[in-house]
Amino acid sequence: MNNVNHPAKVGYLFALLGGTILSFDTVFIRAINFTPEQIAFWRSFSMSLPMIIIIFFSLFRRKNKIKKNQTYSKYFFLASFFYGLSAILFPVSAMTTSIANMLFIISTAPLWAAILSWFVIKEIVSRMTIVAFIISIAGVIVVMYGSNANLSVSFGDITALLTAISMAAAFVTGRISKQDLSLTPSIGAIFSFILLYSYFDINLDISLFNFFLILIEGSVIVFLALTLIAKSSKLIPSSHLGFFLLLEAVFGPIWIWLVFGDSPNNYTLIGGGIILTALIANSLHSIRLLQSETAKR
């Protein structure tokens, strides 16, 4: 593995791990079964806990302090804002529209990332990425068709669209900054749970079991997944990173089946296979392209 290609390969690996881990999110949202504002608040709260702990210990141990140039970078706060916004919008969408509708709309994230990347940093999208996006959309349509999803536009559909755009904006911000913004999702979660608590009547009286599920979901699953995804945002093109959000459509129904016994139908399996094939093909093509360009130098 040469030095030039190593960062990109690590970026794709981080994105793959992050997207796979994030696919467990809907299982926990369904198990907790709170109102949209409740799940958004508690999810954001638990996501923020690792960062709060890091900040707390950094006050007492100088060697653990976060680098000043990262903490106070405008890109750091901008990425935190977009991740914080998505932390509010995603669970609200999951609770107010069908999962199939939500996954279909969020699958447009690579498109928004490509548009923003081209508009902001003039990053060219390859033909292979465009073809992979079209194939992925076809796969999501297959999943959606099999679930008999409602095609009318709802509030949940709008929040899903804003989630996709927010995540795309966060990816592009990481690409521009060239910095390690892995902690920005947790910082964004601090802002979002404070905002939610200020504007909604949040019920703090929850069961110990639900609180345990919330901690696992936010402080482990979502925190780890978004940290890996944010870390990869500076290593691979934003339009490529958006594809890894589609792993929710591939693995989500499988986890739902294993936990709740809801068997995925043939459409879900076929559509998920199409999405996974497009994602892997695009990633391998991109890595080989980098290797070819490096060999010519």
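This report describes a predicted model, moving from a buried network of charges to several helices, a surface patch and a few individual residues.

## A network of salt bridges around Arg-43

The structure holds two salt bridges, and Asp-25, Arg-43 and Glu-217 are linked by them in a network. In the salt bridge between Asp-25 and Arg-43, the closest N and O atoms are 2.7 Å apart. Asp-25 lies in helix H2, which covers residues 25–32, while Arg-43 lies in helix H3, so the pair ties together parts that are 18 residues apart in sequence. The side chains of Glu-217 and Arg-43 also meet in a salt bridge, at 3.4 Å from N to O. Glu-217 belongs to helix H11 (residues 208–232) and Arg-43 to helix H3, so this pair ties together parts that are 174 residues apart in sequence.

Where does Arg-43 sit, buried or exposed? Arg-43 has a relative accessible area of 4%, and because buried means under 20%, Arg-43 counts as buried. Asp-25 is buried as well, and so is Glu-217. Arg-43 is found in helix H3, which runs over residues 36–58. Leaving out residues up to four places away in sequence, Arg-43 touches Asp-25, Ala-87, Phe-90, Pro-91, Glu-217, Gly-218 and Val-222. The side chains of Arg-43 and Glu-217 are also joined by a polar contact of 3.4 Å.

## Helix H9 and its surroundings

Helix H9 spans residues 155–177, and at 1.5 Å a residue its 23 residues should span 33 Å, which agrees with the 33 Å that separate its end C-alpha atoms. Of these 23 residues, 17 are buried, so H9 is largely enclosed by the rest of the structure. The helix is followed by Lys-178, whose phi is positive, near 60°.

Ala-170 gives a view of what lies beside this helix, since its place is in H9. With a relative accessible area of 2%, Ala-170 is buried. Its C-alpha lies 5.4 Å from that of Phe-82, although the two residues are 88 residues apart in sequence. Apart from residues up to four places away in sequence, Ala-170 touches Ala-79, Phe-82 and Tyr-83.

A further pair that is separated in sequence is Phe-77 and Thr-173, which are 96 residues apart along the chain and 9.9 Å apart in space, C-alpha to C-alpha. Phe-77 is found in helix H5, which covers residues 74–96, and is partly exposed, with a relative accessible area of 38%.

## Helix H13

Helix H13 is made of 14 residues, from 247 to 260, and reaches 19 Å from its first C-alpha to its last, close to the 20 Å expected at 1.5 Å a residue. Its buried residues are Leu-247, Glu-248, Ala-249, Val-250, Phe-251, Gly-252, Pro-253, Trp-255 and Ile-256. After H13 comes Gly-261, whose phi is positive, near 80°.

## A nonpolar patch on the surface

Which residues make the nonpolar surface patch of about 490 Å²? The patch is made by Trp-118, Phe-119, Val-120 and Ile-124. Phe-119 is found in helix H7, which runs over residues 109–121. This residue has a relative accessible area of 60% and is exposed.

## His-240 and Asn-33

The place of His-240 is in helix H12, which covers residues 238–241. At 7% relative accessibility, His-240 counts as buried. The side chain of His-240 makes a polar contact of 2.6 Å with the side chain of Tyr-12. When neighbours within four places in sequence are left aside, His-240 is in contact with Tyr-12, Thr-129, Asn-282 and Ser-286.

Asn-33 lies in the loop between H2 and H3, the two helices that hold Asp-25 and Arg-43. Most residues other than glycine have a negative phi. Asn-33, although not a glycine, has a positive phi of about 55°. At 57% relative accessibility, Asn-33 counts as exposed, whereas Asp-25 and Arg-43 are both buried.

How values were computed: Residues are numbered from 1 along each chain as its sequence is written. This is a predicted model: local features need pLDDT of at least 70, side-chain atom pairs count only at pLDDT 80 or more; totals for chains, interfaces and linings use all residues. Side-chain values use heavy atoms; hydrogens and water are left out. Helices (H or I, at least four residues) and strands (E, at least two) are DSSP runs, numbered from the N terminus. The expected span of a helix is 1.5 Å times one less than its number of residues. Buried means under 20% relative accessible area, exposed over 50%, partly exposed in between (1.4 Å probe, protein chains only). Patches are made of residues with over 30% relative accessible area and no salt bridge: like charges are joined within 9 Å, nonpolar side chains (Val, Leu, Ile, Met, Phe, Trp, Tyr) within 5 Å. Accessible areas come from the Shrake-Rupley method with a 1.4 Å probe; for residues, only the protein chains shown count as cover. A salt bridge is a side-chain nitrogen of Lys or Arg within 4 Å of a carboxyl oxygen of Asp or Glu. A polar contact is a pair of N or O atoms within 3.5 Å; within protein, one must be able to donate a hydrogen and the other to accept it, and residues adjacent in sequence count only if both atoms are side-chain atoms. Contact means heavy atoms within 4.5 Å.
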